[in-house]
Every structure is written in structure tokens, then in C-alpha cells.
Amino acid sequence: MNVEIPHMEQSLPQIRQLDAAAANRIAAGEVVERPASAVKELVENALDAGASRIDIAYADGGKRLIRVTDDGCGIPGNQMELALSRHATSKIDGHDLTHILTFGFRGEALPSLGAVGRLTLKSRARGSGEAHELTVRGGESHGLRPTALARGTVVELEGLFSATPARLKFMRTDRAEAQAINDVVRRLAMAAPDVAFSLTDMTNPGAVKSVLSLNAETGDLFDGLRGRLRGIMGPEFVENAIRIEAEREGLRLSGFAALPTYSRGAAVSQYFFVNGRPVRDKQLFGALRAAYGDVLSRDRHPVAALFVDCDPEIVDVNVHPAKAEVRFREPGLVRGLVVGTIKQSLAESGHRSSTTASAGMLGAFRSAQRPVQPMERTTPRISQSVYSSPEPAPEMLGGTAWSGRVEPDDAPDMAGDVDVVERPVHEGLPLGVARAQIHENYVVAQTEDGMVLVDQHAAHERLVYERLKAQYAKNGIASQMLLIPDIVELDDAARARLLDAQEDLADLGLVFETFGGNALCLRETPAILGEVDGNDLLRGIADALAEGTDRAGLAARIDAVLSSMACHGSVRSGRRMSGQEMNALLREMEATPLSGTCNHGRPTFVELKLADIEKLFGRR
Ligand code: ADP
Ligand code: MG
């Protein structure tokens, strides 16, 4: 191809060196995108300086004022000018970029901030008898002078972006900028639990607002972190989170991850730190999502605060101007560690279920305490929808395998039997002993120190799913031949998807063939599902396959199909169960990993402690 170089007759472009002010302003474009990025740089500097307390103040979403005060090591007067010049840093020697353990190392923040706002730097170096102050206006620094300051450093930034009106136009509302500042400070505060933080909104001098106030946390690594997370992510997160800790090939993963039942509608509560640095890394978010793929539906998002620590040599933090992303030398290893550890920890947490459900339940009970209307004080209505189980025989409590299929007629009619427990048969049984089934879907069980209410459909679904997965992993899913094949009419797309996966589905116990027109003839179904509606089952699986295509890999597709099968084969609400069956269900739940949540991330049971019951009745 012929490239034509434009012929310039009048003036050839001149190449010249940019002056420092222009270079700084250009660099600032990358480093200081918005007020929150300025706050991030300044707080990171304070942390790098070894501060034990950092106070942050802002006005008008940071546009009018940002001030960060710390009690760190300070800067000697004779180095303050240098600190404000480009590429000046005390954190690396300029040769080795592979051992970075500080937040900063580029020496760009202070000069960049000086180029986009009026910057005042006050500092007193540790051990020095005097403090100094320096101002930068339009990139020019003005006279170093003595000032009064007991310790540490104060950096004040006023009129951010007033020198670059184009950038100012892109700022969002003060509220949005304040929110972003808040977010940055929270992330950094999680990374440094042993440092006290405060964040103050000074927009309205008459009503100065404290936005965040955190004391320094003490205790061991996990206690300190737990305390800080409680302060930032809320006590509910901590109560519903499991501790994560694992190490593999020089990589360490630690932190807390919430139970699937404590999930969010958006990916807003996911925090990752790499060597103490908050990052928003797509790979890590992806790994978290994959770890919960099995226990959360696609519209729910896990909540977690996770810390990856490793030799700085195996991770490159210098791939993003604001250092929000990192590059691991072996990304597969990190992903494997995150996915594997969380999956295993969730499985080990077994049948634990979110406490929020029981908190909400308590609230529901409380709301029943409203004053009784006189109207209601007529003849009490006694309803007998309660089906109580007989005193369970010992073998029911451990032995009897639950058939997985419950026919309505299996349940002997024992309603009305009064059930008195004389010995503590529930000892050592976390889910207790079944006492009753109510509304044909909820099993009420008595535990050692309270009661649980089990959603039998949700629980069954999880158990069947886990059984299907176990069978599949072992020697394939056993199928059963239908006496009369089911002819199922489908739309083109669904039929095509099923035929595409025909062989794989046969391995999953689902055998069908074409049957003229748009129909498929279903011949075999997984035996474990019992009698199912072939129509529903095939349609559900076609949907699961459609969803599965954008998920990674065959394994995820298989899980999606098995999950859909489990849903179709599950005990629907409205089936009576015998006491024996209810107890078998509870025992199998105890023995099954992840049985605390159904395949869609809803809890399979909620628990009400005796203490809570006593509170409801004002006994405590
Ligand atoms: P970097 O953090 O990449 O080194 P900066 O421009 O942010 O670059 O800071 C330049 C230098 O100024 C730092 O290396 C550090 O020596 C000094 N400095 C900045 N802020 C502080 C602070 N709050 N306390 C002590 N020293 C600081
Ligand atoms: Mg810095």
C-alpha cells in the first residue's frame, strides 16, 4: 500500500520538549481522574509514610477542598520541593521494579495534583524540631517557609480542576463524587485495619458531617480484619461470612466470603486486595463469580473481602495508571486458588444458612404482637393444619435413607398426635428432630437450643442436585426407561439446542430422539428424579443449555443442566411427609455439603434460637 505523507508547504510541525507544567498536567489526566483519585493518592502516601491515624476532609464532593492529615514520618524541609517534582520518589531506587511493597513508586501524584489545583504541603519530619510549608499554584511552587505542625503531614488541595475547565465539566454531581471518595477511603481502610481513619464532609461549615470514623483495630490478623470489616461492610456481613484461608505455591488467600444466602442483586460488595493494595481486577471478580456459580443464580452476586498476598515478583502492579489492575505471572494459579478455596470453604460450612433470614423471621413474629382488635376476640378458631410426627425411633434419626421420592399417600395420617419429648433425642443433630410439617411444605424441627423451619422443596432440590453431581462424577447417572415414551413439542431453537447436546445429555441419564416435526421423543430420564413431567423437564433443560452457552466450559453447562433436572424432580410443596421421611430429610441435609442453600441461593432452612423465642415472649 502506498502511504502518502502530506506535503506541508508553509509550516512543518515543530517538535519540542513540553515544559514541566504541561507534562504534569498531562500526567494528571491519567493519575487524577476525579476528586476520589486525588484522595486515593494522598491517603496512599499517608499509609506509605507509616501513619497510624489518617483524617480526610472534603467539601463540595472534593472539588472545592480535599485535606488529608496524617501522623506518619513526614518530609524534611529540604526535600519538600523535590517531593513536588515529577518522578521524585523515596520508595524505589529507580532500578528495581519487581519488589514493590508500597502504594506509590511513580513519583507522580504530588506534582500532578499541584498541576490541577492549588496544593499546600505542610510537614514535619520525624525527629525534626521544625515544620515547613510549601504552596503550589498553577504548577509553580512558592517559597518554603516555617510553619506550626506537631507531627506528620497535611496536604490540602483546593479548587481541583479549576485550572482545567474541560475536566471540571466531566465531574459528576457533588453527591456522586462524595460517594466515590467514600468508596476509596473504605477500600483503603479495609487494607489497613490497624490504622484509624476519619472522613468528614465540610461542605456546609455550619453542619460539618462525620461520614466515617474508624478506630485502629487490634488483635490478630483475622480479628483485626473482622473488626474493620464489621465497621465498613456492616455486622451482618461478618455474621454471615466464612473465614477464608489457604496457601498454595507461594500464593496466600485470606479474608471473608459471605454465605450464598447473604448475596446482593449487584456486584457492589466485592473487595479484592493484592499485597494490601485495593484492586478492581476482572480476573479476580470472574474467579469469585465462578466460585459461587453452583450456589447462586445468575442474578445474585456474592459478597466478599479477599486478600491475595504473594512475593511481589510474581505480580506486576505497574500495568494501570491508578494501579487498579494487576497482572499475575500465572493467572491460572490465582484463579484456581480463589475458586477452589471458596468452593471448599462453602462446602465445609455445610448446612449453615444466613442468619438474616432468621432475623427477618423474628421481625415477622414481632409484628404479630400488634394489639388484638376487639373483633377478633370472638370464638377462637382452632385449625388443625399441623401434622405432628410421633416420637422418632432411634433408627430414624440416623439410619433410614431418604428415598428422595415422597408420594402424598406415603404419609400415614397422624395429625392430632401429641408429641412429648422426654429425652434430648436431638443431641448432636444440628437440624434437630422433625416435629411437624405445616402447610404441606415446611418441616418444623426441634434442635438442641431452638427450632428450625425447613423449606422441603428447596432442601430437596439441593439434595437431588448434589446426588446427581455425585453420581455423575462416579460412574454416570442411572436412568430409567419410561414405560410410555413422552412426546414433547418444542420450538425450533429449544429442539436444536437439545439435539446439539444429545450425546452429553445421554450421559446425564436423559435419552431422547427426533420424532417428526418439532417433537422429541423422551425415552429415559434420570432414575433419581422419579416420575417427572417430560415436557417441563425438556423445556427446563433447553433453557439451562441456552443460559449455559455464555458460561465457561462444559462443566458449567453440565451443572446448569443438573440443577435444572433437580428443580424438576424435586418434592414440590404440597406433599405430606411422614415423620420418618422428614427426619431422613434432615439427616441427609446434615450430611450434604451446601445443603443450607438451594440451587438458586435461597436458604433451605431458617433457625430460631430458644433465646430469640424467649425474647419474643419477653422472658429475656
Ligand atoms: P510516590 O508516592 O509515587 O513516591 P508522590 O508524588 O505521591 O510519589 O510522593 C512523592 C514523595 O513525597 C514520596 O515518595 C514520599 O517520599 C513523599 N511524601 C508524599 N506524601 C507524603 C506523606 N504524607 N508523608 C511522608 N512523605 C510523603
Ligand atoms: Mg504517592
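**Exercise 1. A bridge across the sequence**

Task: The side chains of R280 and D183 meet in a salt bridge. State the distance, then say which parts of the chain the pair ties together.

Solution:
- Step 1. The N to O distance between R280 and D183 is 3.0 Å.
- Step 2. R280 sits in the loop between strand 12 (277-279) and helix 9 (282-291), and D183 belongs to helix 6 (residues 174-191), so the pair ties together parts that are 97 residues apart in sequence.
- Step 3. R280 has a relative accessible area of 41%, so R280 is partly exposed.
- Step 4. This is a predicted model. The pair is one of 23 salt bridges in the structure.

**Exercise 2. Salt bridges in and around helix 13**

Task: Describe the salt bridge between R462 and E466. Which residues form the network they belong to?

Solution:
- Step 1. The side chains of R462 and E466 meet at 2.6 Å, N to O.
- Step 2. The two residues are four apart in helix 13, so about one helical turn separates R462 and E466.
- Step 3. The geometry follows a general rule. An α-helix has 3.6 residues a turn, so residues three or four places apart point the same way.
- Step 4. R462 and E466 are both buried.
- Step 5. The salt-bridge network links D294, R462, E466 and K469.
- Step 6. Contrast a pair of sequence neighbours. K40 and E41 form a salt bridge at 3.8 Å, N to O. Both K40 and E41 are buried.

**Exercise 3. Placing Q471**

Task: Is Q471 buried, partly exposed or exposed? Which residues does Q471 contact beyond its sequence neighbours?

Solution:
- Step 1. Q471 lies in helix 13, which covers residues 456-475.
- Step 2. The relative accessible area of Q471 is 26%. Buried requires under 20% and exposed requires over 50%. Q471 is therefore partly exposed.
- Step 3. Set aside neighbours within four places in sequence. Q471 then contacts G476, I477, A478 and I528.
- Step 4. Take I528. Q471 and I528 are 57 residues apart in sequence, yet their C-alpha atoms lie 9.8 Å apart in space.
- Step 5. Now the whole chain. Among contacts with a separation of 6 or more, 71% join residues 24 or more positions apart.

**Exercise 4. Cysteines**

Task: How many disulfides does the structure hold? Classify C73 and C521 by accessibility.

Solution:
- Step 1. A disulfide is a covalent bond between the sulfur atoms of two cysteines.
- Step 2. The search of the whole structure finds zero disulfides.
- Step 3. C73 has 33% relative accessibility and so counts as partly exposed.
- Step 4. C521 has a relative accessible area of 3%, so C521 is buried.

**Exercise 5. Checking helix 18**

Task: What span should helix 18 have, and what is the distance between its end C-alpha atoms? How many of its residues are buried?

Solution:
- Step 1. Helix 18 (residues 579-591) has 13 residues; at 1.5 Å a residue it should span 18 Å.
- Step 2. The end C-alpha atoms of helix 18 are 19 Å apart, which agrees.
- Step 3. Eleven of the 13 residues of helix 18 are buried, so the helix is mostly covered.
- Step 4. Charged residue types appear in the buried list, including E581, R587, E588 and E590.
- Step 5. For the chain as a whole, 47% of the 620 residues count as buried.

**Exercise 6. An eight-stranded sheet**

Task: Give the strand order of the open sheet of eight strands. Where do helix 2 and helix 6 lie against its strands?

Solution:
- Step 1. The chain has 19 helices and 23 strands. Eight strands make an open sheet in the order 5-4-3-6-2-1-7-8, with mixed pairing.
- Step 2. Strand 5 (140-147) and strand 8 (209-214) are the edges, each pairing on one side only.
- Step 3. From one strand to the next, the twist averages 10 degrees.
- Step 4. Helix 2 (residues 35-48) packs on the sheet and touches strand 1 (53-59), strand 2 (65-70), strand 6 (152-158) and strand 7 (196-201). The direction of helix 2 makes about 10 degrees with that of strand 2.
- Step 5. Helix 6 lies across strand 1, strand 7 and strand 8, at about 175 degrees to strand 7.
- Step 6. Strand 3 (residues 118-124) and strand 4 (residues 131-137) pair antiparallel over five bridges. L119 has V136 as its bridge partner in strand 4.
- Step 7. Strand 4 and strand 5 also run antiparallel, joined by six bridges. E133 stands opposite R145 in strand 5.
- Step 8. The hairpin of strand 4 and strand 5 has two residues between the strands, and there G138 takes a positive phi near 55 degrees.

Methods. Residues numbered from 1 in each chain as written. Chains lettered and ligands numbered in written order. Predicted model: local features only at pLDDT ≥ 70, side-chain atom pairs only at ≥ 80, totals over all residues. Heavy atoms only, no water. Buried < 20%, exposed > 50% of the residue type's maximum accessible area, 1.4 Å probe, protein only. Contact = heavy atoms within 4.5 Å. Disulfide = S-S within 2.5 Å. Expected span 1.5 Å × (residues − 1). Salt bridge = Lys/Arg side-chain N within 4 Å of Asp/Glu carboxyl O. Pairing = 2+ DSSP bridges. Axes fitted to C-alpha atoms, helices over the stretch in contact; angles between N-to-C directions.
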